Amino acid sequence: MDLFPSSHFNALLWSTTLLFSLCSPCLIANSDDSTTQTTPCSESDAYHNLNVVLNPNGTLTRLSPPSPVSPPSPDPNLHISVLSNDFPINPSKHTWLRIFVPRNAILSKKKLPLVIFFHGGGFIFLSAASTMFHDFCFNMADDLGAVVVSVEYRLAPEHRLPAAYDDAMEALDWIKTRPADGGWLSLYADYSECYLMGSSAGGNIAYYAGLRAAGQVENHEPLRIRGLILVQPFFGGIKRTRSELRLMSNKRLPLCVADLLWKLSLPEGGDRDHEYCNPMAGEGPERVERIGRRGWRVLVTGTGGDPLVDRQKEVMKMMEERKVKVGGHFTEGGYHGIQDSDLQKAKELYAVVKKFISSCTATE
């Protein structure tokens, strides 16, 4: 099913250097990444930086031109290493997914690990069809030797959390029904080796979808989830971490922008200690024990130049204390969303993920 006809792509023009804050290295403030300030920029600054207007009815006007998008490439006659195609999940919600299958799997009919991926964008921007995420998943399928399923979920504030989590679970339900239908997943995906993965806001979605799935494993058979892969996951909290204070005016992700994204995404009236934002608030630590009891493994990756890095390390430590088998890979420097714009950093990440997947299968 062609969800994105070619005429649609030809009509899209990209005339700005602004890419949105949680996905790429946009210059949305003029200060240096390392600048330390005691006062964050204002909410009005954040609206200006994101180039959005909140309407009285709760919808968002996104003033920048749409980001570049890429169509799927399902034609086996194309000289490319990975084929892709789109499939609807719930037309009433406009949710769908894009499946990436390495050509060598098609030729050999070998079943490969299944990676279910959730894109970033601060919960309010971008799509599984966005070129940066299409390319990321294409290259990841190629480098990992895996079938990658990229999920299109509803965006906030038109659809506030937990809408994205609901869409993630509906995607799992759709995927679990495919092993006998003769399609790509039934032919090439190893349902006994499934991983939930996401970057930035998508890392948050992978985490909370994982918590739900861990509480209802029997509902997702024959899918067998082995682990979660959280790439620079978007978490927050009312109490600031040291990295948030140190990088308050970071040009990639100013603190005021992160705060506004949470305000637009959380349920009405929720603050940054809401369970969807802060995994350590309320019953969050108890809930994560579900993952430990299932024996799933978790990988958390981050960079020292990301204001969220200390929060990510705190969540990893909390999981360790709750007996979850979790490992981290943190590098110096960098910035939030670096893997979306730096191919070399993306390839380094793929190598880390590939090693993680191998470690999961080796512990059977």
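## Aromatic pairs

In this predicted model, the structure holds 12 aromatic pairs. One of them brings together F117 and F136: the ring centres are 5.4 Å apart and the planes meet at 35°, so the pair is tilted. F117 sits in strand β5 (residues 112-118) and F136 in helix α4 (residues 131-144), so this pair links distant parts of the chain, 19 residues apart. Are these two rings buried or exposed? F117 counts as buried, at 0% relative accessibility, and F136 is buried too, with a relative accessible area of 4%.

Y195 and F356 make another pair, and this one is edge-to-face, with 6.3 Å from centre to centre and 65° between the planes. Y195 belongs to strand β7 (residues 189-199) and F356 to helix α12 (residues 343-362), so the pair ties together parts that lie 161 residues apart in sequence. Y195 is buried, with a relative accessible area of 0%; F356 is buried as well, at 8%.

## An aromatic cluster and two charges over rings

If you would like to colour a group of rings in your viewer, try the aromatic cluster formed by Y165, Y207, Y208, F235 and Y276.

Two rings also have a charged side chain over them. R252 lies over the face of Y335, at 4.5 Å from the ring centre. Over the ring of F330 sits the charged end of K313, 5.2 Å from the centre.

## The disulfide and other cysteines

Which cysteines are joined by a disulfide? The count comes to 1 disulfide, and C41 is joined to C256, with an S to S distance of 1.7 Å. The link of C41 and C256 is left-handed, with -75° about the S-S bond. Distant parts of the chain are linked by this pair: C41 is in the loop between α1 (6-11) and α2, while C256 is in helix α9, 215 residues apart.

The two ends of the bridge have their own surroundings. C41 is partly exposed, with a relative accessible area of 26%, whereas C256 counts as buried at 4% relative accessibility. Two further cysteines can be placed on the same scale: C194 is buried, with a relative accessible area of 0%, and C360 counts as buried at 4% relative accessibility.

## Helix α9

Why is helix α9 described as largely enclosed by the rest of the structure? Of the 11 residues of this helix (residues 255-265), 10 are buried, so the rest of the structure largely encloses it. The buried residues are L255, C256, V257, A258, D259, L260, L261, W262, L264 and S265. C256, the disulfide partner of C41, is therefore one of the residues that count as buried here, at 4% relative accessibility.

What covers the buried residues of α9? The cover includes two strands, β1 (52-54) and β2 (60-62), along with the helices α2 (43-50), α7 (201-214) and α8 (242-246).

## S150 and its contacts

S150 lies in strand β6 (residues 147-152) and counts as buried, at 0% relative accessibility. Which residues does S150 contact, leaving aside its neighbours within four places in sequence? They are W96, L97, R98, F100, F117, A128 and C137. F117 in that list is also the ring that forms the tilted pair with F136.

## Cis peptide bonds and positive phi

Two peptide bonds leading into prolines are worth a look as you trace the backbone. The bond from L161 to P162 is cis, with omega near 15°, and P162 lies in the loop between β6 and α5 (163-176). The bond from E221 to P222 is also cis, with omega near 10°; P222 is in the loop between α7 and β8 (225-231).

Where do positive phi values turn up in residues other than glycine? H94 has phi near 60°, and this residue is found in the loop between β3 (82-90) and β4 (95-102). H94 is exposed, with a relative accessible area of 64%. K323 is not a glycine either, yet has a positive phi of about 70°. K323 lies in the loop between α11 (309-321) and β10 (325-331) and counts as exposed, at 69% relative accessibility.

Definitions and conventions:
Residues are numbered from 1 along each chain as its sequence is written. This is a predicted model: local features need pLDDT of at least 70, side-chain atom pairs count only at pLDDT 80 or more; totals for chains, interfaces and linings use all residues. Side-chain values use heavy atoms; hydrogens and water are left out. Buried means under 20% relative accessible area, exposed over 50%, partly exposed in between (1.4 Å probe, protein chains only). Helices (H or I, at least four residues) and strands (E, at least two) are DSSP runs, numbered from the N terminus. Contact means heavy atoms within 4.5 Å. A disulfide is a pair of cysteine sulfur atoms within 2.5 Å. Rings of Phe, Tyr and Trp (its six-membered ring) pair if their centres lie within 6.5 Å; planes under 30 degrees apart count as stacked, over 60 as edge-to-face and the rest as tilted. A charge sits over a ring if NZ of Lys or CZ of Arg is within 6 Å of the ring centre and within 35 degrees of the ring normal.
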